[in-house]
Amino acid sequence: MAGFRSLAYQVRDARNDRALRRHSLRRCLERFAPYGHRATWWHLCDRHGIAPEDRGADPLRLVAALEELEDARAVWLEYERQFAARRRREKHDGVRRPEWAWGGSGDAVVRCVDPGVRPEGTLGEVLRRLVKALESEPGTACPVCGERELRWPPALTAHGAWAGAWAWDGPVCGGCGIVVPRPALADTVLAHPAAVVPAPAGAA
């Protein structure tokens, strides 16, 4: 099975026809799709003027979309590298706590419940905001757009996770539509899964 870099090479290879280059870009999303496969594809198509079903898309647009995806992937791989190094140091020092870093394998980092509702900005910009939040104290708002309307889907299991969710998944942001990662949220938010998170007293 071809890896991300091999597929990226195929997207850039001018000897390949347009259909193969587009197909290779779609397959890159099987390796890394921060919003989920469909939402990430629609995002790249919207930003780079690619018709989602166009198998003869302009190669320059395909490469531009690939470059945006590569930038976001580099941001996340660096975060994972630093997280792993920090956990090794903490374990050596006897600090034990549950692991919660995203595991890769193409799973969405900031999944979009509705592929048509996505954050503004490039994928790299969004992931940089997320990484900054994950490296800071947990908050009570969406780490990507700052929205405080965070709604948990009604289908909760007995363990407090909603149907189809990963352990990483938290409530859905009412602003940008992402499933907010639990590690970015304070315990006060996670403790009330059925309600909209209120703004703190005095907030505008």
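**Exercise 1.** In this predicted model, determine whether Arg61 counts as buried, partly exposed or exposed, and state with which residue Asp58 forms a salt bridge.

*Solution.* Step 1: The relative accessibility of Arg61 is 38%. Step 2: Buried requires a value under 20% and exposed a value over 50%, so Arg61 counts as partly exposed. Step 3: Asp58 forms a salt bridge with Arg61, and their closest N and O atoms are 4.0 Å apart. Step 4: Asp58 is itself partly exposed, with a relative accessible area of 30%.

**Exercise 2.** Identify which parts the pair Arg128 and Asp71 ties together.

*Solution.* Step 1: A salt bridge joins the side chains of Arg128 and Asp71, at 2.9 Å from N to O. Step 2: Arg128 belongs to helix H5 and Asp71 to helix H4, so the pair links parts that are 57 residues apart in sequence. Step 3: Arg128 has a relative accessible area of 41% and is partly exposed; Asp71, at 30%, is partly exposed.

**Exercise 3.** Locate the partners of the salt bridge between Arg118 and Asp46, and classify the accessibility of Arg118 and of Asp46.

*Solution.* Step 1: The closest N and O atoms of Arg118 and Asp46 are 2.5 Å apart. Step 2: Arg118 is in the loop between helix H4 (59-92) and helix H5 (123-134), while Asp46 is in helix H3 (residues 37-48); the pair therefore ties together parts 72 residues apart in sequence. Step 3: Arg118 is buried, with a relative accessible area of 18%, whereas Asp46 counts as exposed at 56% relative accessibility.

**Exercise 4.** State how many salt bridges the count comes to.

*Solution.* With a cut-off of within 4 Å between side-chain nitrogen and carboxyl oxygen, the count comes to eleven salt bridges.

How values were computed:
Residues numbered from 1 in each chain as written. Predicted model: local features only at pLDDT ≥ 70, side-chain atom pairs only at ≥ 80, totals over all residues. Heavy atoms only, no water. Helix = DSSP H or I, 4+ residues; strand = E, 2+ residues; numbered from the N terminus. Buried < 20%, exposed > 50% of the residue type's maximum accessible area, 1.4 Å probe, protein only.
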